[in-house]
Amino acid sequence: MVGLIEKEVKKHGDRAKVFPARNLKRLEQDSRNTMDSGLLDKFQKNIVNGFQDINLPNLDFTIRSIIIVASPSPSTVTVNFNWQGEKVPLKLPSTYMDMTTAPLRIENYLSDFLKSMGYQIKYAPRLPRNLLAARSGLGTYGRNNLCYVEGLGSFINLVPFYSNIPCEDDIWHEMFQMDICKGCRDCLDNCPTGAIVEDRFLIKTERCLTYYNEVDSKWDFPEWVDKSSHNSIYGCSRCQDVCPVNKRYIDDNKIKPIEFTEEETSLLLEGKPIEELSRRMKRKIKVLNMSDYLAALPRNLNILLK
């Protein structure tokens, strides 16, 4: 059954591994060990703390396995902003655009496939995705702490599901960094804020640009963040763009650029709430999955457009 699922997922352009639900206890221990290591910064502690006790939900089926699916994302999405008589192309990094649509798409086709066999799945957004991918053998870590999946690179969304599919195999892979990282410094040398360092596996999240440019515009960037560091509407993709493993996947899944008029750009710079925007503009925001980051756009766009 496990092989059939992985084959079905691959038919849809994705990759998957099925993981025994009993191993969630081992993932909890992973999280506790990481918390006790003393290597985490404040932001990382907040993330890992939520994985120390994985409380399974009450579903209408017995959870026997976890399915972790890697779904390919566009390496870059171009968004054109018309401003002061010019069209300014800006980029949106991989994964943001289909962060909410990928789980729905996968759940739909997997549910249809499993229904006739009496099996069920349920999206599990609170499970530790990178850890699941590494321990299940689906992916490996890069020096940038991102997860890489063979055949897809790091331009992916990882989507976990609870399932009642039996999985008796003792699946538990060691976590390791890709071999190519040992002799490569590309992401380290090109990280605009020095978040990737040589002497430790974990990045310094408190220096990661993504950490700062996803939050509300009422919080300004620290003084040490040079304006030349900014390269995306939100998020940051420098470490992925320069990674030699990703070269073959750059420009895969190209989509047509989305364009905002000068009036629409002005509204985004003003920080107008989505309720006050036109139906046409709301559609663009929905396609780009920007609604969760609208509050960050006034600050970020103001720097990028200048």
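Okay, one definition to start: helices and strands here are DSSP runs, at least four residues for a helix (H or I) and at least two for a strand (E), numbered from the N terminus. With that, Asn246 sits in the loop between α8 and β9. And keep in mind that this is a predicted model.

Let me stay with Asn246 for a second. Is Asn246 buried or exposed? Its relative accessibility is 0%, so it's buried. Setting aside residues up to four places away in sequence, Asn246 touches Tyr148, Gly153, Ser154, Phe155 and Gln240.

Now the strands. β3, residues 76–83, pairs with β4, residues 86–93, in the antiparallel sense, with eight bridges. Thr76 is opposite Pro93 of β4. The hairpin has two residues between the strands, and Gln84 there has a positive phi near 50°. β3 also runs parallel to β9, residues 258–260, and three bridges join them. One partner pair to look at is Phe81 with Phe260 in β9.

Next to come up is α11, residues 297–305. Eight of its nine residues are buried, so the helix is largely enclosed by the rest of the structure. Among the buried ones are Leu297, Asn300 and Leu304. What's covering them? The cover for the buried residues of α11 includes β3, β4, α7 and α9.

Ile233 ties into this same story. It lies in the loop between α7 and α8, and at 1% relative accessibility it counts as buried. Leaving out neighbours within four places in sequence, Ile233 contacts Val79, Phe81, Leu90, Lys91 and Leu92, and also Leu297, Asn300 and Leu304. For a sense of distance, Ile233 and Ser73 are 160 residues apart in sequence and 17 Å apart in space, C-alpha to C-alpha.

On to charges. Side chains of opposite charge can pair when their charged atoms come close. A search of the whole structure turns up 15 salt bridges. Take Asp14 and Arg105, whose side chains meet at 3.0 Å, N to O. Asp14 is in the loop between α1 and β1 while Arg105 is in helix α4, so this pair ties together parts 91 residues apart in sequence. Asp14 is buried at 1% relative accessibility, and Arg105 is partly exposed at 32%.

Then there's Glu28 with Lys25, where the closest N and O atoms are 3.7 Å apart. Both are in helix α2, three residues apart, about one turn of the helix. Glu28 counts as buried at 5% relative accessibility, but Lys25 is exposed at 57%. Add Arg32, and Lys25, Glu28 and Arg32 are linked in a salt-bridge network. One other pair is Glu270 and Lys272, at 3.9 Å, N to O.

Cysteines, quickly. How many disulfides does the structure hold? Zero. Why no bond for Cys147? Because the closest cysteine sulfur, in Cys181, is 12 Å away from its own, too far for a bond. For Cys184 the closest one is in Cys187, at 6.4 Å, and that's too far as well. Cys147 is buried at 5% relative accessible area, and Cys184 is buried at 17%.

Last stop, the surface. Phe43, Ile47 and Tyr211 make a nonpolar patch there, with about 240 Å² of accessible area together. Phe43 lies in helix α3 and is partly exposed, at 33% relative accessible area.

That's my tour, thanks.

Technical notes. Residues are numbered from 1 along each chain as its sequence is written. This is a predicted model: local features need pLDDT of at least 70, side-chain atom pairs count only at pLDDT 80 or more; totals for chains, interfaces and linings use all residues. Side-chain values use heavy atoms; hydrogens and water are left out. Two strands pair if DSSP finds at least two bridges between them. Buried means under 20% relative accessible area, exposed over 50%, partly exposed in between (1.4 Å probe, protein chains only). Contact means heavy atoms within 4.5 Å. A disulfide is a pair of cysteine sulfur atoms within 2.5 Å. Patches are made of residues with over 30% relative accessible area and no salt bridge: like charges are joined within 9 Å, nonpolar side chains (Val, Leu, Ile, Met, Phe, Trp, Tyr) within 5 Å. Accessible areas come from the Shrake-Rupley method with a 1.4 Å probe; for residues, only the protein chains shown count as cover. A salt bridge is a side-chain nitrogen of Lys or Arg within 4 Å of a carboxyl oxygen of Asp or Glu.
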